[in-house]
Amino acid sequence: MTKRLEGKVALVTGASKGIGAEISARLAAEGAAVAVNYSASKEAADRVVAAIIAKGGKAVAVHGNLADAKNVKSVVAETVKAFGAIDILVNNAGIYEFAALEAITPEHFHKHFDLNVLGLLLISGEAVQHFNPNGGSIINISSGVSTIAPANTAVYTATKASVDAICSVLELAPRKIRVNAVNPGMIATEGVVSAGLHEGDMRNWIESTTPLGRIGKVEEIAAAVAFFASDEASYVTGETLHVTGGLR
């Protein structure tokens, strides 16, 4: 694999499993030193770090629940302490729980918006203060649901529509910091499997309406993120890339 990110420092949030873990592995394989952020499972984050190091890469686990504003500064500080100025921030940390309209509560709403939107904004605001003076790249992991809009996802879909909008309004271009989003379709991550969405009616519906006729793989999301993080995307900012097999 080419080392497009040699010498770069990346912070990947929510990276102990699933898409975040694969993104961390891909960025490390391309030469970046990676801070693997986790909220709950140190053991899982340590496994991601160990796998990267075993392949000759550089990585460290960094704890912090980004829904708690008090954790934001420490996540960035630990990243900078380990590797120096940041070049790449991947905002992957997020939560999704589906609920019908009549079941939506303030707790359900705030649980999603506090992490998926506010946490993303807070960590971005803190990280850019420690970015390389030459600029860099922020990649927000949004979701195909922002346009697909499946049933019983009003709050989750609203958070991801917000993430899409954020990419176009963060005024960081004068600082040479590019901001883009990657919107995955259904990916069979641990979270999707535990929610029972990897099989049955939901998966059948996705596959039957997706032009490519299948769900996606974590590697396909990581590849898109690596492109946005690299100099090959040096003239791309404010964009939202749907990696959904053509489903919109």
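Q: What makes up the lining of the largest cavity, by class?
A: In this predicted model, the lining of the largest cavity has five nonpolar, four polar and no charged residues. Leu-66, Ala-93, Leu-115, Leu-120 and Ile-123 are in the lining and count as nonpolar because Ala, Leu and Ile belong to that class. Thr-13, Asn-91, Asn-116 and Gly-119 also line the cavity; these count as polar, since Gly is placed in that class along with residues that are neither nonpolar nor charged.

Q: Why is this space called a cavity and not a pocket?
A: The term applies because a 1.4 Å probe fits at the points of a cavity but cannot get out, whereas a pocket is an open set. The structure holds one cavity of 30 Å³ or more. About 40 Å³ of space lies in the largest cavity, so this volume satisfies the cut-off of 30 Å³.

Q: Which element gives the largest share of the lining of the largest cavity?
A: Helix H4 does, with five residues. H4 spans residues 106-127, so Leu-115, Asn-116, Gly-119, Leu-120 and Ile-123 of the lining fall within this helix.

Q: How do you know that H3 and H4 meet?
A: Contact requires heavy atoms within 4.5 Å. On that basis Ala-69, Val-72, Lys-73, Val-75 and Val-76 in H3 meet Leu-122, Ile-123, Glu-126 and Ala-127 in H4. By class, this contact has seven nonpolar, no polar and two charged residues; Lys-73 and Glu-126 are charged, because Lys and Glu belong to that class. Ile-123 also lines the largest cavity.

Q: What describes the crossing of H3 and H4?
A: The axes of H3 (residues 69-83) and H4 come within 9 Å and cross at roughly 35°. The crossing is right-handed, which means that the near helix is turned clockwise from the far one.

Q: What makes up the lining of the second largest pocket?
A: About 440 Å³ of space lies in this pocket. Of its 24 lining residues, the closest to the centre are Ala-28, Ala-29, Ile-52, Gly-57 and Lys-58. Helix H1 (18-29) and helix H2 (42-54) each give two or more residues to the lining, and the largest share, seven residues, comes from H1. The classes are 11 nonpolar, five polar and eight charged residues.

How values were computed
Residues are numbered from 1 along each chain as its sequence is written. This is a predicted model: local features need pLDDT of at least 70, side-chain atom pairs count only at pLDDT 80 or more; totals for chains, interfaces and linings use all residues. Side-chain values use heavy atoms; hydrogens and water are left out. On a 1 Å grid over the protein atoms alone, a cavity is a set of points where a 1.4 Å probe fits but cannot get out, and a pocket is an open set with protein on both sides within 12 Å along at least five of seven lines; lining residues have an atom within 4 Å of a point. Helices (H or I, at least four residues) and strands (E, at least two) are DSSP runs, numbered from the N terminus. Axes are lines fitted to C-alpha atoms, for helices over the stretch in contact, and angles run from 0 to 180 degrees between N-to-C directions.
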